[in-house]
Amino acid sequence: MKWHEITISTSEESIEMITNFLHEADADGVSIEETGSLNRPRDTSFGQWYEHDLNDIPEGEAVIKGYFPEGSDTDALLANLRESIDQLREFDIEPGDYELSVALVDEEDWADAWKQYFKPLRVTPSLTIKPTWEDYVGEPGERIIEIDPGMAFGTGTHPTTALCLRTLEQVIEGGEEVIDVGTGSGILAIGACLLGAERVLALDLDPVAVQSAIGNIALNNLEDKIQTHLSDLLGVLRADGANTAKGGATIPSVSELNINVPVDVVVANILAEIILLFVDDVYEALRPGGTYIASGIFKNKEELVEQGLIKAGFEIVGREREEDWIAFVARKGKTVYDQTRE
């Protein structure tokens, strides 16, 4: 079978939004290649290795490819993508002097080729992400996240995911109830449980993401600890059991959830613009002294997100950085509850 391969050369800053545009256009697969130049710092603190050849993509740029069945209207796809990408500047996301091209390729040229570059990756002192097709035996005390991301929801190697997992390792002490907003492949929900969280509610607005997360949760035998729903955070907080989400799925009432709202920790690895949209909902969903881990924030949005968190009532207690990405650690108030946890 042949596929139309649409290639977009753009900025790293716009990766998540353009990837989302491709998914919304019903791409059957998406691949992302970031700069691999010799100038790019490589984190080897946990024994990571990088098997992808160095490439000539300039610093701060990326190449995104979307795959569509032969016979798709590529002229319409390209026109819609250009319109959507141009609109990113209205949200202070700069795609740069992006370029689009299209080619017809054989399925075997791309369908599984990316798997050769996804190897077991030690992302924290105790957490390793392992693809299901790789053999790997961990060290004593090492916790393994088994993952099969498919073509759409990532391997967990993006800096924002690594930032979240490292921050969760610092925050989780054991027994916490956690909400993972925008769970994707479920990596953060699984990681939180392996670190000691008692229960996790994993939410996503994409029905395919929800199915991906459910599959990965089963791979890690955590069905009894992680509950997954097609919803956003506000939908869950306001649901009475009669509301429906995109795709017709019923949003359960709060009494049907596996967690007790408010919770100890909320983690969200999504775009800065979306983080700002529901910051008040997160504050409501947290217990006094609860922790909010907000990642997916590019460096040019750091101050904006910080101001939004403070305005909502959060105290910024830390921030982690990797490359050009930031993860905030924010706390709801200073209370007796907070002191008992410190």
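The paragraphs below lead through a predicted model, beginning with a sheet and then turning to a helix, two glutamates and some backbone details.

A useful place to begin is the open sheet of seven strands, whose order is 10-9-8-11-12-14-13 and whose pairing is mixed. At its edges stand strand 10 (226-230) and strand 13, each of which pairs on one side only. From one strand to the next the twist averages 15°. Strands of a sheet pair through backbone hydrogen bonds, and they may do so in a parallel or an antiparallel manner. Here, strand 8 (residues 177-181) and strand 11 (residues 263-269) run parallel and are joined by four bridges, with Ile179 standing opposite Val266 of strand 11. Further along the order, strand 12 and strand 14 run antiparallel and are joined by six bridges, and within this pair Thr291 has Arg331 of strand 14 as its bridge partner.

Strand 14 also pairs with strand 13, again in an antiparallel way, and eight bridges join the two; Glu322, for instance, has Trp325 in strand 14 as its bridge partner. These two strands form a hairpin with two residues between them, and in this hairpin Glu323 takes a positive phi near 55°. Strand 14 itself is mostly covered, since eight of its eight residues are buried. In a regular strand, side chains alternate between the two faces of the sheet. In strand 14, Trp325, Ala327, Val329 and Arg331 point one way while Ile326, Phe328, Ala330 and Lys332 point the other way, and all of them are buried.

Helices pack against these strands, and helix 5 (residues 207-219) is one of them, lying across strand 9 (199-204) and strand 10 and running at about 165° to strand 10. Another is helix 9 (residues 302-312), whose buried residues are Glu302, Val305, Gly308, Leu309 and Ala312. Viewed down the axis of helix 9, these buried residues fall within an arc of 135°, so they line one face of the helix. On the other side of helix 9, Glu303 and Lys311 are exposed. The cover over the buried residues of helix 9 includes helix 7 (272-277) and helix 8 (279-285), together with strand 12 (286-298), strand 13 (314-322) and strand 14 (325-332). Just after helix 9 comes Gly313, which takes a positive phi of about 110°.

Two glutamates are worth following in some detail, and the one in the sheet described above is Glu177, which has its place in strand 8. Glu177 counts as buried because its relative accessible area is 4%, which is under the 20% limit. The side chain of Glu177 is joined to that of Arg199 by a polar contact of 2.4 Å. Not counting residues up to four places away in sequence, Glu177 touches Arg199, Asn258, Ile259, Asn260, Val263, Asp264, Val265 and Arg287.

The other glutamate, Glu5, lies in strand 1 (residues 2-11). Its relative accessibility is 14%, and therefore Glu5 also counts as buried. The side chain of Glu5 makes a polar contact of 2.7 Å with the side chain of Tyr67. When neighbours within four places in sequence are left aside, the residues in contact with Glu5 are Lys65, Gly66, Tyr67, Ser101, Val102, Ala103 and Val105.

Some details of the backbone in the loops complete the tour. The peptide bond from Val261 to Pro262 is cis, with omega near 5°, and Pro262 lies in the loop between helix 6 (233-238) and strand 11. Asp92, a residue other than glycine, has a positive phi near 60° and lies in the loop between helix 2 (74-87) and strand 4 (99-106). With a relative accessibility of 54%, Asp92 counts as exposed. Asn221 likewise has a positive phi, of about 55°, although it is not a glycine, and its place is in the loop between helix 5 and strand 10. Asn221 is exposed, with a relative accessible area of 61%.

Notes:
Residues are numbered from 1 along each chain as its sequence is written. This is a predicted model: local features need pLDDT of at least 70, side-chain atom pairs count only at pLDDT 80 or more; totals for chains, interfaces and linings use all residues. Side-chain values use heavy atoms; hydrogens and water are left out. Buried means under 20% relative accessible area, exposed over 50%, partly exposed in between (1.4 Å probe, protein chains only). The arc is that of the directions from the helix axis to the C-beta atoms. Contact means heavy atoms within 4.5 Å. A polar contact is a pair of N or O atoms within 3.5 Å; within protein, one must be able to donate a hydrogen and the other to accept it, and residues adjacent in sequence count only if both atoms are side-chain atoms. Two strands pair if DSSP finds at least two bridges between them. Axes are lines fitted to C-alpha atoms, for helices over the stretch in contact, and angles run from 0 to 180 degrees between N-to-C directions.
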